[in-house]
Amino acid sequence: MPQPPLPVPSALHVLVTSVQSDAHTWNLMFLQLTVEELGHRVTNLGPCVPEALLAAECVRLRPDLVVVSSVNGHGFADGLRLIAGLRSRAELAGLPVVIGGKLGVNGEEGAQERGAALVEAGFDAVFGEETVHLAGTGALPAADGSRLFRSYLAALPAGLPC
Amino acid sequence: MLTAGLAPVRAASFGDFVARAAAAGRLVVQPRMGFSDPDRLRAGLAATKAADAVTVGTLTLDSYTRVGDHTAALEALTVGADLNGYPLVAHGPETTRAVLAGLAGDDFPVQVRHGSAVPGDIIAALGPSGLHATEGGPVSYCLPYGRTPLRESVDNWRRACELLAELRAPGVEPHLETFGGCLMGQLCPPGLLVALSVLEALFFTTHGLRSVSLSYAQQTDPEQDAEAVRALRTLATELLPGVQHHIVVYTYMGVYPRTPEGATRLLELAAELAVRTGAERLIVKTVAEAFRIPTVAENVAALEAADRAARRTAPEPSTPDDQFGILAEARALVEAVLELADDPGRALLTAFARGHLDVPYCLHPDNAGRSRGYLDDRGRLRWAETGAMPVAADRAGTRPMTAAGLLTALSHVERRLDRAALGTDRLGVHR
C-alpha cells in the first residue's frame, strides 16, 4: 500500500520544471510524486516554462533545489540557455540546479559530451539517459540514475540561503 | 540542394481527398513526420506518397516554432543543429514551396501539425507556402503544451480559424483537425476526449471552417475505444450538420512498446479500430517510437503495415453499444458546456473556470486539476475523480496516485504489448 509522505526534518522545497520548448508533462508529474514520496515539498511549474519565469520563481520561492526535466530532444540546447540565465543572477549563483531526461535528438550519440558540457555550464548534476554527471565527480553509469538522484536529494541541506 | 523561387504547388482539398478514399473503401494513413532539413523532408514526403497505401503527407513542426521562438529555430538552422521538426516560419515560404513542388496536390494533400497555442505566425505562413490543412484547437493545443493562458489561446485560435478560412479558393477548402481527442495522450477517460473533440470542431465551424476532422487517440482497450469512436461519430453527425467532417484515429500516444512486434501490433490494433468503427483516417506510429524520431523508412513501413491491417479488417455495423456509457457522458459534457454561452469559445472558458471541464493530470494554470483517471483491473480507463464535471466517478474513496502507480498505469499498454511479443513467462519472472 502507498504510504503518505512522512514529514522529515530535512524536507526540501523542490521546484520541478521543464525547459522553454518542452511540452511534456508526464515526466514532471512522475518527478513530483517521486520527490513528494521522499518526504519533500514540490512546486511544479509544468511544461514550457519561459526562462524569465523560472528565474523569477526561483527568486520568489527560494527553493532548495531546482529539478529540470526534458524529453523532447531540445534539453541540451535549452538547458545551456536556462542555466546561463540563472547563474548570471548573483542571488541564484549558488542555487542547486539539476537536469535530466532525453537531452538530445540522437539518442546516446554525444550523451557523454552533452553531460560534461551541461555541468561545465553550471548544472550541479545531469541525469541523462546514458550517463549521470555530478559536478566534481565526473561521469557515472546511468543504469543507477534513479538511486543516484535519490542520494543526491538526501545529501542536500534544506533551508539554506542560496 | 533545393532551389529558391516560387515553385508551383497544386491546389488540393484535404477533406475531399479523405472523402474520396472513404467512398472507395480505403483508410487514409498518415505519418507524423517532420525534419528540419528541407531536402530530407522532401524525400520523406516523396516516400510517403510512393508508399503502398492511400496516404496524405505531414509537416510536423519543431518545438521552437510551436512556441513562436523563430529566432532559436533560425539559430539552430544556421549552426546546422538538428531540430525535432520542420521550422516552417524560419525556413520561409519559398523553401517550403520548393519542398512541396510536384509532390503536394489533389492526389497528395499535405497537413501541418504543430501544437501551438500561439499559431498566428504558423497559420499566416500556410497560404504563401501552398498549404491549407492543419491541426489544432483552443483547448487541446493549449493545456497540454505549456502556459499560454486559455483565454489567449481561444482568441488566437479564433483568429487562426478566420485566417485559415480565408484561404478558401476554387478547388481549395481549408481543413482543420481537432487535437481534442488526445489531450495528454494517456489516462483521460474517453468521454472527455470525445466531448472536447466535438467542442473544438464546433469552435472551428463557428469561426468559418467548413471542412473539419475530429480526432480520437487510441487508449487502452479496443472495445472501449470502439464505443468512443462511435460516440464521436454520433455527436459529430448531430452537431455539425452540413459540415464536411471525418474521424481521424491516432495510434497510441502514450508510452510506446519497445519491441518491434509489440509496436507493430499496437499500430495494427489502431488500424483495426479505425476500420471497425468507420473512421476515415489514421495517424500511424513506428517501431522506433519508444526510442527516437523515426526515419523515413520506418514511417513508410508503418504506413504499409497499417494499410495491410486495414485491408484485412471489415467494418462492423454500428451497434447501440453503451457498455461504458461514453456517448451519454460525452453528451452530458458537451451540453453542459454549450449551455454556458452561445459562443463556443466563451463557453469553453467558463467551463474550465468552473471546472465543468477538467483534464486529468494536466498542470496548466487554467485547468482545475481535480480530476483523475485510472485503469481498472481489466485495463479500461475510468474516472477516479471528476471534480466539478457533470460526470460521476467510477470509484468512491480513491487511493492516492503514487509515482510507482503512475508509471504502472502509463506503461500498461507498452507492457501488455511487449509481453505478448516476448512471451509472458520471460518477462513475468522479472516483474
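At what angle do helix α9 and helix α14 of chain B pack, and how far apart are their axes? The points below take that up first, then move through the rest of this predicted model.

1. **Two packed helices.** Helix α9 of chain B covers residues 190-206, and helix α14 of chain B covers residues 344-354. They pack at an angle of about 145°. Their axes are 9 Å apart. From α9(B), the residues in the contact are B:L196, B:L199, B:L202, B:F203 and B:T206. They meet B:P344, B:G345, B:L348 and B:F352 of α14(B). By class, seven of the residues in this contact are nonpolar and two are polar, with no charged residues.

2. **The core.** The largest nonpolar core has 125 residues. B:V194, B:L282 and B:L357 have the most contacts inside it. Which element gives the most to this core? Helix α9(B) does, with eleven residues.

3. **B:L357 and its contacts.** Neighbours within four places in sequence are set aside here. B:L357 is in contact with B:L192, B:L196 and B:L199, among others. Its list also includes B:L348, B:A351 and B:F352. Of these, B:L196, B:L199, B:L348 and B:F352 also take part in the contact between α9(B) and α14(B). Further contacts of B:L357 include B:L333, B:V337, B:N367 and B:M389.

4. **An aromatic pair across chains.** The whole structure holds eight aromatic pairs over all chains. One of them joins A:W26 and B:Y361. The ring centres are 5.4 Å apart and the planes stand at 50°, so the pair is tilted. The pair crosses between chains: A:W26 is in helix α1 (residues 26-37) of chain A, and B:Y361 is in the loop between α14 and β9 (371-375) of chain B. Are these two residues buried or exposed? A:W26 has 14% relative accessibility, so it counts as buried. B:Y361 is buried too, with a relative accessible area of 2%.

5. **Positive phi.** B:Y361 deserves a second look. Its phi is positive, about 65°, although it is not a glycine. A:R62 also has a positive phi, of about 50°, and is not a glycine. A:R62 lies in the loop between α2 (51-61) and β3 (65-70) of chain A. At 37% relative accessibility, A:R62 counts as partly exposed.

6. **A ring cluster in chain B.** Which residues do ring pairs link into a cluster? They are B:Y141, B:Y145, B:W157, B:F179 and B:Y250. One member, B:Y250, has the charged end of B:R32 over its ring. That end is 5.7 Å from the ring centre.

7. **B:A306.** This residue is found in helix α12 (residues 296-311) of chain B. It counts as buried because its relative accessibility is 0%. Residues up to four places away in sequence are not counted in its contacts: B:A306 touches B:V29, B:L267, B:A271, B:L282 and B:V284. B:L267 is 39 residues away along the chain, yet the C-alpha atoms of B:A306 and B:L267 are separated by 6.4 Å. Another of the touched residues, B:L282, is one of those with the most contacts inside the largest nonpolar core.

8. **B:S213.** Strand β6 (residues 211-217) of chain B holds this serine. At 0% relative accessibility, B:S213 counts as buried. Its C-alpha atom and that of B:E177 are separated by 4.5 Å, with their positions 36 residues apart along the chain. Beyond four places in sequence, B:S213 touches B:H175, B:L176, B:E177 and B:T178 as well as B:H246, B:V248 and B:R281.

Terms used
Residues numbered from 1 in each chain as written. Chains lettered and ligands numbered in written order. Predicted model: local features only at pLDDT ≥ 70, side-chain atom pairs only at ≥ 80, totals over all residues. Heavy atoms only, no water. Axes fitted to C-alpha atoms, helices over the stretch in contact; angles between N-to-C directions. Helix = DSSP H or I, 4+ residues; strand = E, 2+ residues; numbered from the N terminus. Contact = heavy atoms within 4.5 Å. Nonpolar A, V, L, I, M, F, W, Y, C, P; charged D, E, K, R; others polar. Phe/Tyr/Trp six-rings, centres within 6.5 Å; stacked < 30°, edge-to-face > 60°. Buried < 20%, exposed > 50% of the residue type's maximum accessible area, 1.4 Å probe, protein only. Lys NZ or Arg CZ within 6 Å of the ring centre and 35° of its normal. Core = buried A, V, L, I, M, F, W, Y, C linked by side-chain atoms within 4.5 Å.
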